[in-house]
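Visitor: I am new to this structure and would be grateful for a guided introduction. May we begin with a single pair of residues and then widen the view?

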Amino acid sequence: GPRLAELLALGRRLLEELEASTEPSSGAPAVQDKVRQGLDALQRAAAMVTQLELFSENEELEEVASADLKFMLLPALLGALTLKQVDLSRRREHLETAREHFQHFLKLCRNYGLGSFQLPPGTSSEEEARSSSAPRDPSQPNLVAMALSRTAKIERYKQKKELENKLASMSSSVESGTADEDQIREFYILQIQKWIGTSLEEIESIDQELVILKSRDAARQAPAGPRGPPRPARAPVKPFILTRDAAQARVFGAGYPGLPIMTVDDWYEQRRKQGIVSTPQRVPGFEEPGSPPCPSPPAGASDEEMQKQQKETEEEEDDEEALRKARDWDDWKDTHPRGYGNRHNMG
């Protein structure tokens, strides 16, 4: 079978290809196939390291061979590849597994004195019980912890940039085989220190996502609370229409009472038949052009009767004059809008 170094090289190469991938989706079959291949190679390599007992808690860093230092990266590489799995139904399981890998890597580095950092709290039930024994008000932020965390992040970022620059300058000589043992040893130690910062960042991100997933699961499993009394049925509301067309239809539609249904002459004739308006009397000498001559008063009529007849004729003529003026006024309003000719208020 493949050797330990070949398995490590395969897993690292697949991880670098995934980091530089331009696939639009991390769930693409080609991407997930590389993730499975990388995990399989690194898991086989980690099993071989355990079997060979390359690292021990009772030895110092100087006791580890320079060629074996690169195998200390196996837990960190396993954690990075585990996070690239996209099975949503097992997301919480993948997060916890990746966190264990990163935690194992950090403990290993701490035992060998590689870097000065504080180990993140574990996820064991005992540690969770200890942390929950002294609850803190979530509304009161721990300002000291926030300030320390921000300072640590800034420091890790600076160290990461410095390590990347050193590794870039040394990688060509190490890969070509021209570097001596001291340079190879320094190169691997720099890689381990770079992954220490990456592991701390990943654990912090994993913890935040786990809190969200646990809250979601708790909300799904929580029993539904008692419902209040049903609301009384509301009385049906009569529909109404507020549209311009509907309003216009009611005003200008057929059957509007303001539309004329007879002429003035028809109205006058109707009133005359009802006895409300008397038949107009004509006075000799006041006939309209084209009208038949008005009959003369009968002979022997007294002066009083003549005056009465003349008075009725004048009243009828006044009515006709008032009617004519009313018609002229209506015609004038039809052709002149309201306010026509008002020049006093120019505004």
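**Salt bridges, patches and overall make-up**

Guide: In this predicted model, aspartate 40 and arginine 44 both belong to helix H2, four residues apart, about one turn of the helix.

Visitor: How far apart are the closest N and O atoms of aspartate 40 and arginine 44?

Guide: Side chains of opposite charge can pair when their charged atoms come close. A salt bridge requires a side-chain nitrogen of Lys or Arg within 4 Å of a carboxyl oxygen of Asp or Glu. Aspartate 40 and arginine 44 form such a bridge, and their closest N and O atoms are separated by 3.9 Å.

Visitor: Is arginine 44 buried, partly exposed or exposed?

Guide: Buried means under 20% relative accessible area and exposed means over 50%, with partly exposed in between. Its partner aspartate 40 has a relative accessible area of 40% and is partly exposed. Arginine 44 has a relative accessibility of 40%, so this residue counts as partly exposed.

Visitor: Which residue forms a salt bridge with arginine 36?

Guide: The partner lies in helix H2 (residues 29-52), as does arginine 36, and the two are three residues apart, about one turn of the helix. Arginine 36 is exposed, with a relative accessible area of 51%, whereas the partner is partly exposed at 34%. The closest N and O atoms of the pair are 4.0 Å apart, and the partner is aspartate 33.

Visitor: How many residues apart in sequence are the parts tied together by arginine 91 and glutamate 209?

Guide: The side chains of arginine 91 and glutamate 209 meet in a salt bridge, at 2.9 Å from N to O. Arginine 91 lies in helix H4 (residues 91-111) and glutamate 209 in helix H7, so the parts that this pair ties together are apart in sequence by 118 residues.

Visitor: Which residues are joined into one network by salt bridges that share partners?

Guide: The structure holds 15 salt bridges. Where such bridges share partners, they link residues into one network, whose members are Arg92, Glu96, Arg216 and Asp217.

Visitor: Where is aspartate 180 found?

Guide: Aspartate 180 forms a negative surface patch together with Glu181, Asp182 and Glu186. Its relative accessibility is 42%, so aspartate 180 counts as partly exposed. Its place is the loop between helix H6 (143-176) and helix H7 (181-221).

Visitor: Which helix gives the largest share of the nonpolar patch?

Guide: The nonpolar surface patch covers about 420 Å² and is made by Met262, Val264, Trp267, Tyr268 and Leu323. Methionine 262, partly exposed with a relative accessible area of 37%, is found in the loop between helix H8 (244-252) and H9. The largest share, three residues, comes from helix H9 (residues 264-273).

Visitor: How many helices and strands does the secondary structure of the chain have?

Guide: Read from the N terminus on, the elements of the chain run α-α-α-α-α-α-α-α-α-α. The secondary structure thus comes to ten helices and zero strands.

Visitor: What percentage of the residues of the chain count as buried?

Guide: The accessible surface of the chain comes to about 26100 Å², and 52% of that surface belongs to carbon and sulfur atoms. For a residue, buried means under 20% relative accessible area. Of the 347 residues of the chain, the share that counts as buried is 23%.

Note on methods: Residues numbered from 1 in each chain as written. Predicted model: local features only at pLDDT ≥ 70, side-chain atom pairs only at ≥ 80, totals over all residues. Heavy atoms only, no water. Patch = residues over 30% accessible without salt bridge, like charges linked within 9 Å, V, L, I, M, F, W, Y side chains within 5 Å. Areas by Shrake-Rupley, 256 points an atom, 1.4 Å probe, with all protein chains shown as cover. Lys, Arg positive; Asp, Glu negative; His and termini not counted. Charge placed at Lys NZ, Arg CZ, Asp CG, Glu CD. Buried < 20%, exposed > 50% of the residue type's maximum accessible area, 1.4 Å probe, protein only.
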